[in-house]
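Hi,

Here is the structure I promised to send over. Have a look at it first, and then read on for what turned up.

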Amino acid sequence: MTTVLVLNGPNLNLLGDREPEIYGSATLADVADTCRDTATDLGWELDFRQSNHEGELVEWIQDAGRAQHDGRLVGAVINAGAYSHTSIALHDAIVGAGLRVIELHISNVHAREPFRHHSYLSPVAAGIIVGFGVAGYPLALHGLHSLITDSATQPIEGA
Ligand code: DQA
């Protein structure tokens, strides 16, 4: 059975307690449960991780690229938290590893402070889910599934 990786960056371990008016009341464990149910429905195993450390995220992305290359992994949903806005290292890891990524943000980053409007991940993501709350996680998994299986959603060359 193939695996899907869901990767969470800094401060997402605080979900549920952290600014609930922005991020909601669900905990990261709740999100993991939802993702596991969705992954099972889609025929995948779930690998759900969180780290506050940029280098650890880089290493997990590199490992995931190898697993995808070997056919053991379909790709990754990544909420890189604040590193989305700062990390050329995560950008380079995704490109270098050849990892298929759906970028995700719980909040609508474009309706927030200007420093959240730019993401180093967006140009190297296959798709982006923003502003749906934690409901974005199952949406991102479904999006990844249709990118892989449905030719109608394949990016159009040159578009
Ligand atoms: C976030 C948005 C980021 O700007 C912020 O730094 C986060 C969470 C989100 O899921 O909305 O940590 O990625």
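What takes up the space of the largest cavity? The ligand does. Bear in mind as you read that this is a predicted model.

Starting with the overall fold: the protein has 5 helices and 5 strands, and along the sequence they run β-α-α-β-α-β-α-β-β-α. Its C-alpha atoms fit in a box of roughly 40 × 30 × 30 Å along the principal axes. The radius of gyration is 15 Å, which agrees with the value near 15 Å for a compact globule of 159 residues.

Now back to the ligand. Around it you'll find Arg18, Tyr23, Asn79, Gly81, Ala82, His85, His105, Ile106, Ser107, Val109 and Arg116. Sorted by class, that shell comes to 4 nonpolar, 5 polar and 2 charged residues.

Three polar contacts are worth pulling up on screen:

- Arg18: an N or O atom of the side chain is 3.0 Å from a ligand oxygen.
- Ile106: here a polar backbone atom is the partner, 2.7 Å from an oxygen atom of the ligand.
- Arg116: a polar atom of the side chain lies 2.9 Å from a ligand oxygen.

As for how covered the ligand is, on its own it would expose 330 Å², and the protein buries 99% of that.

So which residues would I click on to begin with? Arg18, Ile106 and Arg116, each for its polar contact with a ligand oxygen.

Cheers

How values were computed. Residues numbered from 1 in each chain as written. Predicted model: local features only at pLDDT ≥ 70, side-chain atom pairs only at ≥ 80, totals over all residues. Heavy atoms only, no water. Near = heavy atom within 4 Å. Polar contact = N/O pair within 3.5 Å; in protein donor to acceptor, adjacent residues only side chain to side chain. Areas by Shrake-Rupley, 256 points an atom, 1.4 Å probe, with all protein chains shown as cover. 1 Å grid on protein atoms, 1.4 Å probe; cavity = no way out; pocket = protein on both sides within 12 Å on 5 of 7 lines; lining within 4 Å. Sits in = over half its atoms within 2 Å of the grid points. Nonpolar A, V, L, I, M, F, W, Y, C, P; charged D, E, K, R; others polar. Helix = DSSP H or I, 4+ residues; strand = E, 2+ residues; numbered from the N terminus. Rg over C-alpha atoms; globule rule 2.2 N^0.38 Å.
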